[in-house]
Protein chains: 2
Amino acid sequence: MARPRTPLLSRERIVAAALRLIDAEGLAALSTRRLATELSVSGPSLYNHVATKDELLDAVVDSVIGEVDLSMFGTPDGTPDGASDGTPGGLPDGAPDRLPTATPHRGPTPWPDALRDWARSYRSALAAHPNIVPVLAQGPGRRPNALRLADAVFGHLVEAGWPRGQATRIGALMRYFVTGSALASFAAGFPADAEVYDAADYPHLGEAHRLAGHRGTVDEGAFETGLEALLDGLVLRFERLTERS
Amino acid sequence: MARPRTPLLSRERIVAAALRLIDAEGLAALSTRRLATELSVSGPSLYNHVATKDELLDAVVDSVIGEVDLSMFGTPDGTPDGASDGTPGGLPDGAPDRLPTATPHRGPTPWPDALRDWARSYRSALAAHPNIVPVLAQGPGRRPNALRLADAVFGHLVEAGWPRGQATRIGALMRYFVTGSALASFAAGFPADAEVYDAADYPHLGEAHRLAGHRGTVDEGAFETGLEALLDGLVLRFERLTERS
DNA sequence: ACCTGAACACCGTTCAAGT
DNA sequence: ACCTGAACACCGTTCAAGT
């Protein structure tokens, strides 16, 4: 069975299967041979659609970043601020009821609100695929969705009045926080086995074995606390900045 | 040459060589066979000293975490607050001159200062070995140095007056930020090739190709800005907390 | 106790061969 | 154009054999 008249594989199918495998069993479980088996095909077949395993990983990463909502930054193609970007969740096309109850003042979303919404969307896109975060954290490289994301954040901050150097730093520190929070669960990192926490060695960790059981709320709470603290701190700096002019 | 009378290998030598290899060529470059070659020994020899590659990685990770300074939290064995913990950088033993010019009030370091100093030490220990951060970010597991770190931070915050739930969240969000900042350089993630940043696609990234050249200052500045913003935000929350009592 | 070579079931990738 | 099996240089780990 060589060269079927309708192709068995496509780049999209390969990328999707790779992400499933990474999610289910970790980055280390993604081997070209294993992936091929998953797709009912022989190992070398993949190389008709992707050049190398690294290129495949890049495509997987960019597909994840593509899920991040950037609409709060206003879209460069003229779509109004706050509009859906095609991700599921937007209103159906002809839904005239449920108009915005109050659109306080047209214009760009205030930067702290935009940053907050974006950080939440960014985190949930990444946290859905924690095993691939180490790859994606290496930076945008030449991946279009990652570059679009960096462009949107930086552009919005500059237009809001942040000096370019500061805007760069804010983009960086937000990425630090979000990738760090998506990389691994804090709570789940503590073994649920109570015997690990010998009181003689770790006097304050007596309850740490309960953490794993509250995985969701602990990590969610830490992210929200950190995000709001960070935004408060940045607002303080922005006020100091605009005060003197 | 089987069973030399003085052993060729030791666990410490293996761990140190593994870390060197990971630093120099990345996590993927660490293979047991390659490591063995580096140590002038045959592959299976390693298994006389470590049970599996995973156990070896765990040991490497804990050796890195062991470099983090925890002295600002006060040490449980009675060593006074702020004393050296054995890491190079402390004063030589018999150095009576250069006494503290002003010790404002004996007692524990104020928690924002302790957190700041710890975060800086934590980050520099991790950023010295970015390739291993994904492993270490999985949480303390059963690694003694990682558990000691978690115990010290949590204990200090609770003793400073933070409710236990909040202290947990602060430990988590600080780890998010620090691991995120050590995982990869923000600046270096942007290709230095100016042609990547097509003005039609990324209208605000015209200068992004310069980022990689300022790697150190961009990342350092982002870390410091984020750290201070985070601390400001937390201080705000602590004030609100103590206000009502 | 500590090292060795041989062996097993894996890897990523190339390539000639098939349709 | 797109799939296959064979082949190459790698993996982690086990095990019997040596001293």
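## DNA strand C

Let's start with the DNA. Of the atoms of DNA strand C within 4 Å of the protein, 52% are sugar or phosphate atoms, and the rest belong to bases. Keep in mind that this is a predicted model, so every distance here is computed from predicted coordinates.

Which residues come nearest to DNA strand C? Out of 24 residues around the strand, they are Thr32(A), Arg33(A), Tyr47(A), Leu8(B) and Ser45(B). By class, the surface near DNA strand C is made up of twelve nonpolar, seven polar and five charged residues.

A few phosphate contacts are worth a look on screen. The side chain of Tyr47(A) has an N or O atom 2.5 Å from a phosphate oxygen of DNA strand C, while for the side chain of Ser31(A) the distance is 3.3 Å. Chain B joins in through its backbone: an N or O atom there in Ser42(B) sits 2.8 Å from a phosphate oxygen of DNA strand C.

## DNA strand D

Now for the other strand. DNA strand D has 24 residues around it, and the closest are Leu8(A), Ser45(A), Thr32(B), Arg33(B) and Tyr47(B). Sugar or phosphate accounts for 52% of the DNA strand D atoms within 4 Å of the protein, with bases making up the rest. The nearby surface splits into twelve nonpolar, seven polar and five charged residues.

Where does Arg33(B) touch this strand? One of its polar side-chain atoms lies 2.5 Å from a base nitrogen of DNA strand D. Thr32(B) goes for the backbone of the DNA instead, with a side-chain N or O atom 2.5 Å from a phosphate oxygen. Tyr47(B) also has a side-chain N or O atom 2.5 Å from a phosphate oxygen of DNA strand D.

## How the two chains are arranged

Chain B can be laid over chain A by a rotation of 180° with 0.0 Å of shift along the axis, giving an RMSD of 0.0 Å. The two copies are therefore related as by a two-fold rotation axis.

What about the surface where they meet? 100% of the interface residues of chain B are interface residues in chain A too, so the copies meet through the same surface.

## The largest pocket

The largest pocket holds about 1600 Å³ of space. It is lined by 48 residues, and those closest to its centre are Leu27(A), Asn131(A), Pro134(A), Leu27(B) and Pro134(B). The lining counts 23 nonpolar, twelve polar and 13 charged residues.

Helices from both chains each give at least two residues to this lining, including helix 4 (111-127) and helix 8 (215-243) of chain A, and helix 3 (53-65) and helix 7 (164-183) of chain B.

Conventions: Residues numbered from 1 in each chain as written. Chains lettered and ligands numbered in written order. Predicted model: local features only at pLDDT ≥ 70, side-chain atom pairs only at ≥ 80, totals over all residues. Heavy atoms only, no water. Least-squares fit on C-alpha atoms with pLDDT ≥ 70 in both. Contact = heavy atoms within 4.5 Å. Near = heavy atom within 4 Å. Polar contact = N/O pair within 3.5 Å; in protein donor to acceptor, adjacent residues only side chain to side chain. Nonpolar A, V, L, I, M, F, W, Y, C, P; charged D, E, K, R; others polar. 1 Å grid on protein atoms, 1.4 Å probe; cavity = no way out; pocket = protein on both sides within 12 Å on 5 of 7 lines; lining within 4 Å. Points joined across faces, edges and corners; volume = space filled by probe spheres on them. Helix = DSSP H or I, 4+ residues; strand = E, 2+ residues; numbered from the N terminus.
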